[in-house]
Amino acid sequence: MTAITIAEGVDGLRALSGQHLGTSDWLTITQDRVDAFAEATGDHQWIHVDVERAATGPFGGTIAHGYLTLSLATIFMPQILETRGFSMGVNYGCERVRFPTPAPVGCRMRCSAVLDSVTDVAGGVQVAFTLTFEIDTSPKPACVATILIRRYL
């Protein structure tokens with residue numbers, strides 16, 4: 001798979017500052033994925049894992065964990081952006097994360113990315129992105145997050 005946008009080194013990233021980089025493919029949110037996330041994190045709240053109880057709950061069925069949605073950035077970002085000329089990249093953190101609407105199990109989700117800024121750090125650059133996680137069942141996104149990635153030379 002080839003990413004929608006390719007950045008060659010620091011100059012390539014800087015040239016993309018302020019730009020929309022693209023949108024990933026759709027991914028179906030399955031109960032198996034939600035259950036695996038619950039097992040990995042210990043978050044077994046019924047709105048995520050109890051299909052029968054959740055059917056009569058406030059969302060009409062089970063929903064993905066907010067942090068599961070955010071973690072899908074690791075699937076979506078390589079579809080959107082490939083960076084070349086760096087020895088490695090690390091997740092540095094999040095500046096802002098919001099979950100405007102729940103993502104029901106069975107929905108399809110995709111992510112779009114805007115490169116907000118590129119800042120020099122020792123040995124490389126810190127890149128800020130705004131990610132919007134759309135779902136096909138709502139006009140509101142499931143998540144909007146500003147994430148920080150460090151790319152080292």
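Which residues of H2 are buried? In this predicted model, the answer is Gln31, Val34, Phe37 and Ala38. Viewed down the axis of H2, these buried residues fall within an arc of 125°, so they line one face of the helix. That fits the usual helix arithmetic: an α-helix has 3.6 residues a turn, so residues three or four places apart point the same way. The other side of H2, turned away from the buried one, carries Asp32, Glu39 and Ala40, which are exposed. As for what the buried residues of H2 pack against, the partners are helix H3 (46–49), helix H4 (51–55) and H5. Just after H2 comes glycine 42, with a positive phi of about 80°.

H6 can be read in a similar way. Its buried residues are Ala73, Phe76, Met77, Gln79 and Ile80. Down the axis of H6 they fall within an arc of 160°, so here too the buried residues line one face of the helix.

Now for the core. In soluble globular proteins, nonpolar side chains tend to be buried together. Here the largest nonpolar core has 38 residues, and the members touching the most others are Leu13, Met109, Phe129, Leu131 and Phe133. At least two residues of this core come from each of helix H1 (9–15), helix H2 (31–41), H5, H6, strand S6 (108–121), strand S7 (124–135) and S8. The top contributor is S7, with 6 residues. Met109 gives a feel for how the pieces meet: beyond four places in sequence, methionine 109 touches Asp25, Trp26, Leu27, Ile29, Thr69, Leu72, Phe76, Ala103, Phe133, Glu134, Ile135 and Ala142. One of these contacts, Phe76, is also among the buried residues of H6.

Serine 112 also sits in strand S6. Is serine 112 buried or exposed? With a relative accessibility of 10%, serine 112 counts as buried, because the cut-off for buried is under 20%. Leaving out neighbours within four places in sequence, serine 112 is in contact with His20, Gly22, Thr23, Ile80, Thr130, Leu131, Thr132 and Glu134. Ile80 in that list is another buried residue of H6, and Leu131 is one of the core members that touch the most others. Phenylalanine 129 lies 17 residues along the chain from serine 112, and their C-alpha atoms are 9.9 Å apart.

In the loop between S6 and S7 we find glycine 123. Its relative accessibility is 49%, so glycine 123 counts as partly exposed. Not counting residues up to four places away in sequence, glycine 123 touches Arg151, Tyr152 and Leu153. Alanine 55, by contrast, is 51 Å from glycine 123, C-alpha to C-alpha, with the two positions 68 residues apart in sequence numbering.

That leaves the pockets. The largest pocket holds about 350 Å³ of space. Its lining is made up of 18 residues, with Ala73, Thr74, Asn91, Ile147 and Ile149 nearest the centre. Helix H5 (66–71), helix H6 (73–80), strand S5 (88–98) and strand S8 (143–152) each give two or more residues to this lining. S5 gives the most, with 6 residues. By type, the lining splits into 12 nonpolar, 5 polar and 1 charged residue. Ala73 turns up twice in this account, as a lining residue near the pocket centre and as a buried residue of H6.

How values were computed
Residues are numbered from 1 along each chain as its sequence is written. This is a predicted model: local features need pLDDT of at least 70, side-chain atom pairs count only at pLDDT 80 or more; totals for chains, interfaces and linings use all residues. Side-chain values use heavy atoms; hydrogens and water are left out. On a 1 Å grid over the protein atoms alone, a cavity is a set of points where a 1.4 Å probe fits but cannot get out, and a pocket is an open set with protein on both sides within 12 Å along at least five of seven lines; lining residues have an atom within 4 Å of a point. Grid points are joined across faces, edges and corners, and a volume is the space filled by probe spheres set on the points. Helices (H or I, at least four residues) and strands (E, at least two) are DSSP runs, numbered from the N terminus. Ala, Val, Leu, Ile, Met, Phe, Trp, Tyr, Cys and Pro count as nonpolar, Asp, Glu, Lys and Arg as charged, and the others, Gly among them, as polar. A nonpolar core is a set of buried Ala, Val, Leu, Ile, Met, Phe, Trp, Tyr and Cys residues joined through side-chain atoms within 4.5 Å. Buried means under 20% relative accessible area, exposed over 50%, partly exposed in between (1.4 Å probe, protein chains only). Contact means heavy atoms within 4.5 Å. The arc is that of the directions from the helix axis to the C-beta atoms.
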